[in-house]
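Please look over the sequence and the fold below before reading the briefing.

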Amino acid sequence: MPSITTRTYAERAAKHPIPVAKQLLDICDRKKTNLCVSVDVTSKAGLLRIAEAAGPYCCCIKTHIDIVEDFDQDLVQQLQALADKHDFLIWEDRKFADIGNTVRLQYSSGIYKIASWAHITNAHLVPGEGILTGLASVGQPLGRGLLLLAEMSAKGNLATGEYTTKNVEAARRHPEFVMGFVAMRRVDEREETAGGVAPGEGADYVIMTPGVGLDSKGDGMGQQYRTPDEVIRGSGCDVIIVGRGIYGGGDGNPNEEIVKQCKRYQEAGWKAYEDRLRQ
Ligand code: 5BU
């Protein structure tokens, strides 16, 4: 059986058991992009402006909705309209980390009602597998998908070794809801090549990878950057996540610069994917 990294996004989409993962892989194939743009700005207008500018070039827009000072439900309605118009998914990078009952409420309720608009969200396994039961009770009926934080990009982070392995094992016990991992490499591959789980039978995880930059190696606050080629071809990850490399920090670059950087990262990510298929 070939490794996941030798299959195309289209081939993987055709067989994927989780609808939202299938949708993401289909978008990558259709738009020829494995770029997820992280829009970490604090105003509604800024978030919508950047999502509108970046939308044509990305498969996913990642938000931190709790940093937006003037959040309202109209923001998420407008963001959903942009997702439909430009054919991308919305990922709220909420990093849930509490017991099942609490995350169930945090995911469904409060001001943000994340499950009502975010196709994808993510969680730490620190509280144990109850967090997956709690989140799935809300997200699964709505057709949402979850990424487990098997690894992180920042220097000195503690998501390593046995903790990473436990994330992969937990994901395998929740095959209808856990669509993949935030990770720096193909964390699921070792088990697969060891023959533990047959590839293609619910074992196709989407690996989404932050810490991607072409011009910088770090930010002085622990972030560590690698290039799209290192991430997609070198480490076998599926989607590059780029924030400041595209929107530029602060309130965000002007639209022309955002479009220019999106095209640059889209091209680099896609070339790395094509090179990986040829390896
Ligand atoms: P940057 O501007 O490209 O450094 O932004 C990276 C984004 O990805 C930012 O929203 C982080 O919260 C997010 N991130 C990360 O950088 N590293 C991680 O391990 C995880 C998320 Br999980």
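The notes that follow take up the barrel, the helices and the largest pocket in turn.

This is a predicted model, in which local features need pLDDT of at least 70 and side-chain atom pairs count only at pLDDT 80 or more, while totals for chains, interfaces and linings use all residues. Residues are numbered from 1 along each chain as its sequence is written, and side-chain values use heavy atoms, with hydrogens and water left out.

**Barrel**
- Eight strands (DSSP runs of E, at least two residues, numbered from the N terminus) form a closed barrel in the order 1-2-3-4-5-6-7-8, with parallel pairing, where two strands pair if DSSP finds at least two bridges between them.
- From one strand to the next, the twist averages 30°.
- Strand 3 (residues 89-96) and strand 4 (residues 120-123) run parallel and are joined by three bridges; Glu92 has Thr121 in strand 4 as its bridge partner.

**Helices**
- Helix 3 (residues 44-54) packs with helix 4 (residues 73-86) at an angle of about 5°, their axes being 10 Å apart (axes are lines fitted to C-alpha atoms, for helices over the stretch in contact, and angles run from 0 to 180 degrees between N-to-C directions; helices are DSSP runs of H or I, at least four residues).
- Helix 3 is therefore roughly parallel to helix 4, a term for angles under 35 degrees.
- Among the residues in contact (heavy atoms within 4.5 Å) are Leu47 and Leu48 of helix 3 and Leu79 and Leu82 of helix 4.
- Helix 6 (residues 130-139) lies across strands 3, 4, 5 and 6, running at about 160° to strand 5.

**Largest pocket**
- The largest pocket holds about 460 Å³ of space, the volume being the space filled by probe spheres set on grid points joined across faces, edges and corners.
- A pocket is an open set of points on a 1 Å grid over the protein atoms alone, where a 1.4 Å probe fits, with protein on both sides within 12 Å along at least five of seven lines, and lining residues have an atom within 4 Å of a point.
- Of its 28 lining residues, Asp40, Lys62, Ser153, Pro210 and Gln223 lie nearest the centre of the largest pocket.

Note on methods: Angles under 35 degrees count as roughly parallel, over 145 as roughly antiparallel, 65 to 115 as roughly perpendicular and the rest as oblique.
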